[in-house]
Amino acid sequence: MSLTQFLENPPYEAQPQEKQNIYEQVINILGDTADNKMKDTCNNLDTDQQDALMRYIYKGLENNDNSLKLLKWHGVLSEVAGLGCIMRVMSEKRKRVL
Amino acid sequence: MAQKHQLCSCISALAFNADNTKIALSPNNHELHIYNFDGKEWKSEAVLKDHYQIITGIDWAPNTNRIVTCSQDRNAYVYENIDGKWKPTLVLLRINRAATCVKWSPQENKFAVGTGAKLVSICYFDEEGDWWVSKHIKKHRSSVISVSWHPNNILLATGSTDFKCRIFSAFIKGVDDPNETQALGELIAEYSAGAWVHHVDWSPSGDCLAFTCHNSSIGFMYQNETQFLRIKDLPLVVGGWIGETSYIAGGYDRNPTLFQLKNDKWTRIGYVDQKSTSQTQKKPVNSFKNARSMFGGMVDRGTSSTITKVETLHENNINQLIILNGKFATGGIDGRVIIWPFSLVKKTLNVDLN
């Protein structure tokens with residue numbers, strides 16, 4: 001599955017095991033994407049997908065998974081989606097957990 | 001041109017009188033300052049020290065010329081102007097937590113106080129006892145931080161830190177028309193937002209309820225649908241309606257933002273405070289280099305090389321926004337009151353405000 005497909009229907013309501021499974025696949029894709037392709041990928045996402053991607057980035061940073069690459073993703077996505085995207089990740093930690 | 005006025009170091013509450021010649025504000029302490037404003041100069045008219053903790057809300061009734069203030073000391077006062085002096089009357093709110101916000105009803109015979117005690121106090125004047133008494137609306141799970149009256153004087157919208165925006169009936173027997181069927185405290189509608197609901201605001205006709213949330217979003221609630229916009233910037237904390245199709249909001253971005261209803265869809269138009277001559281160039285973000293130079297500067301010269309200059313008229317968050325006649329005023333926690341004429345908004349954003 002491509003990144004866009006993963007971000008289309010984020011597993012907000014799934015069981016922890018399934019969430020972990022999907023999370024690992026997403027982090028692998030994020031790690032494998034070339035630096036110069038990041039901006040284009042982010043530009044092609046809509047607001048829901050951008051929010052989901054930002055949640056995965058923060059989850060990855062929490063678990064110390066490939067932080068260097070994720071920090072680069074964070075920089076690119078922040079430029080595209082703005083500080084509002086980060087606000088939504090931080091303030092909706094009860095309802096929308098990936 | 002927007003007029004900038006530095007009044008104090010921080011504003012916690014702000015209100016204008018009916019013809020915008022006077023202003024009542026609290027400089028983030030227990031004092032209530034009333035100024036005479038002739039467009040250019042401010043003259044202090046009164047400093048009232050009835051509260052003993054920070055005043056969190058002030059509202060000035062345009063027709064009856066009464067000021068109501070509420071404070072963290074769990075009290076509210078109603079001030080009447082008798083012979084040029086402001087005489088306070090204590091209001092029994094019967095709450096055990098701070099009051100957060102206060103609003104006069106459209107007919108100015110009642111007012112609503114949002115509190116940290118998970119309830120809203122609806123206060124009205126009891127003729128027999130010659131005092132202001134209150135009735136409580138409960139049903140909130142956490143502090144109420146914003147209230148707004150519908151033009152029909154009965155419905156009240158509340159925004160709360162339990163992530164919900166609610167509409168209640170605030171019917172008071174003896175004050176309101178007895179033909180109304182809803183009882184006090186009856187929940188009419190509820191919307192679950194993702195985060196704290198900072199501000200609720202009925203449109204002038206009462207058809208639409210706008211509410212802003214802490215997750216950088218703004219919602220417009222009609223009877224049959226709710227339009228929810230997620231924005232790219234920092235959260236909006238206050239707002240005001242300009243007509244039925246324009247909404248101006250301000251918050252942590254220090255910049256008022258305009259939203260308009262176009263083709264039945266609410267869209268964000270843009271920031272009101274923009275530098276007209278030079279476009280602010282966005283330097284490419286190279287965070288590693290910036291961090292290195294900052295620490296390098298600290299080691300070599302004992303200074304940090306990154307000095308950020310604030311580009312907006314407000315230096316800190318906007319936490320008050322009041323619509324006046326032909327203009328609107330914003331107050332911030334930088335202690336500034338800035339008056340923005342509608343003509344400036346129309347020119348900067350190239351829009352029509354009906």
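# Reading a two-chain predicted model

Mentor: Burial is a useful opening measure for this predicted model: of the 98 residues in chain A, 48% are buried.

Trainee: What share of the 354 residues in chain B do buried residues make up?

Mentor: In chain B the buried share is 52%.

Trainee: How many helices and strands does chain A have?

Mentor: One begins with the inventory of elements and then reads their order. Chain A has six helices and zero strands, and its pattern along the sequence is α-α-α-α-α-α. The radius of gyration of chain A is 12 Å, close to the 13 Å from the globule rule for 98 residues, so chain A is as compact as a globular protein of that length. The C-alpha trace of chain A spans about 35 × 25 × 25 Å along its principal axes.

Trainee: What percentage of the contacts in chain A between residues at least 6 apart in sequence join residues at least 24 apart?

Mentor: For chain A the figure is 76%. In chain B, residues 24 or more positions apart account for 46% of the contacts with a separation of 6 or more.

Trainee: Which residues touch the most other members of the largest nonpolar core?

Mentor: A core is read through its members and then through the elements that supply them. The largest nonpolar core holds 28 residues, and those touching the most other members are A:Leu30, A:Leu53, A:Met54 and A:Trp73. Two or more residues of this core come from each of helix H1 (3–8), helix H2 (16–32), helix H3 (38–43), helix H4 (47–62), helix H5 (67–81) and helix H6 (83–91) of chain A.

Trainee: Which residues is A:Leu53 in contact with, leaving aside its neighbours within four places in sequence?

Mentor: With those neighbours set aside, A:Leu53 contacts A:Leu7, A:Leu30, A:Cys42, A:Leu45, A:Trp73 and A:Leu77. There is also a second, separate core of 18 residues, which includes B:Phe328, B:Ile338, B:Phe342 and B:Leu353.

Trainee: How many helices and strands does chain B have?

Mentor: Chain B has two helices and 28 strands. The radius of gyration of chain B is 21 Å, which agrees with the value near 20 Å for a compact globule of 354 residues. Along its principal axes, the C-alpha trace of chain B spans about 75 × 45 × 40 Å.

Trainee: In what order do the four strands of the open sheet that contains E1 of chain B stand?

Mentor: A sheet is described by strand order, pairing sense and edges. Here the order is E1-E28-E27-E26 in chain B, and the pairing is antiparallel. Strand E1 (3–6) and E26 of chain B are the edges; each has a single partner strand, so one side of each is left without a neighbour in the sheet. The twist averages 20° from one strand to the next. E1(B) and E28(B) are joined by four bridges, and B:Gln3 has B:Ile339 in E28(B) as its bridge partner. H2(B) packs on this sheet, touching E26, E27 and E28 of chain B, with its direction at about 70° to that of E28(B).

Trainee: Is strand E27 (residues 327–332) of chain B mostly covered or mostly uncovered?

Mentor: Strand E27 of chain B is mostly covered, with five of its six residues buried. Five antiparallel bridges join strand E26 (residues 318–323) of chain B to E27(B), where B:Ile322 is partnered by B:Ala329. Another five antiparallel bridges join E27(B) to strand E28 (residues 336–341) of chain B, and B:Lys327 stands opposite B:Pro341 in E28(B).

Trainee: Which residues take a positive phi in the hairpin of E26(B) and E27(B), and in the turn between E27(B) and E28(B)?

Mentor: In the hairpin of E26(B) and E27(B), with three residues between the strands, B:Gly326 has a positive phi near 75°. The hairpin of E27(B) and E28(B) also has three residues between its strands, and B:Gly335 in the turn has a positive phi of about 80°.

Trainee: Which strands are the edges of the open sheet E22-E23-E24-E25 of chain B?

Mentor: This antiparallel sheet has four strands, and its edge strands are E22 (236–242) and E25 (265–271) of chain B. Its twist averages 25° from one strand to the next. Six bridges join strand E24 (residues 257–262) of chain B to E25(B), with B:Leu261 opposite B:Trp266. Helix H2 (residues 342–349) of chain B packs on this sheet, touching E22, E24 and E25 of chain B, and its direction makes about 95° with that of E25(B).

Trainee: Is B:Lys110 buried or exposed?

Mentor: B:Lys110 counts as buried because its relative accessibility is 0%, below the 20% cut-off. This residue is in strand E11 (residues 110–115) of chain B, and its side chain makes a polar contact of 2.6 Å with the side chain of B:Asp176.

Note on methods:
Residues are numbered from 1 along each chain as its sequence is written. Chains are lettered from A and ligands numbered from 1 in the order in which they are written. Side-chain values use heavy atoms; hydrogens and water are left out. Two strands pair if DSSP finds at least two bridges between them. Axes are lines fitted to C-alpha atoms, for helices over the stretch in contact, and angles run from 0 to 180 degrees between N-to-C directions. Contact means heavy atoms within 4.5 Å. Buried means under 20% relative accessible area, exposed over 50%, partly exposed in between (1.4 Å probe, protein chains only). A polar contact is a pair of N or O atoms within 3.5 Å; within protein, one must be able to donate a hydrogen and the other to accept it, and residues adjacent in sequence count only if both atoms are side-chain atoms. A nonpolar core is a set of buried Ala, Val, Leu, Ile, Met, Phe, Trp, Tyr and Cys residues joined through side-chain atoms within 4.5 Å. The radius of gyration is taken over C-alpha atoms; the globule rule is 2.2 Å times the number of residues to the power 0.38.
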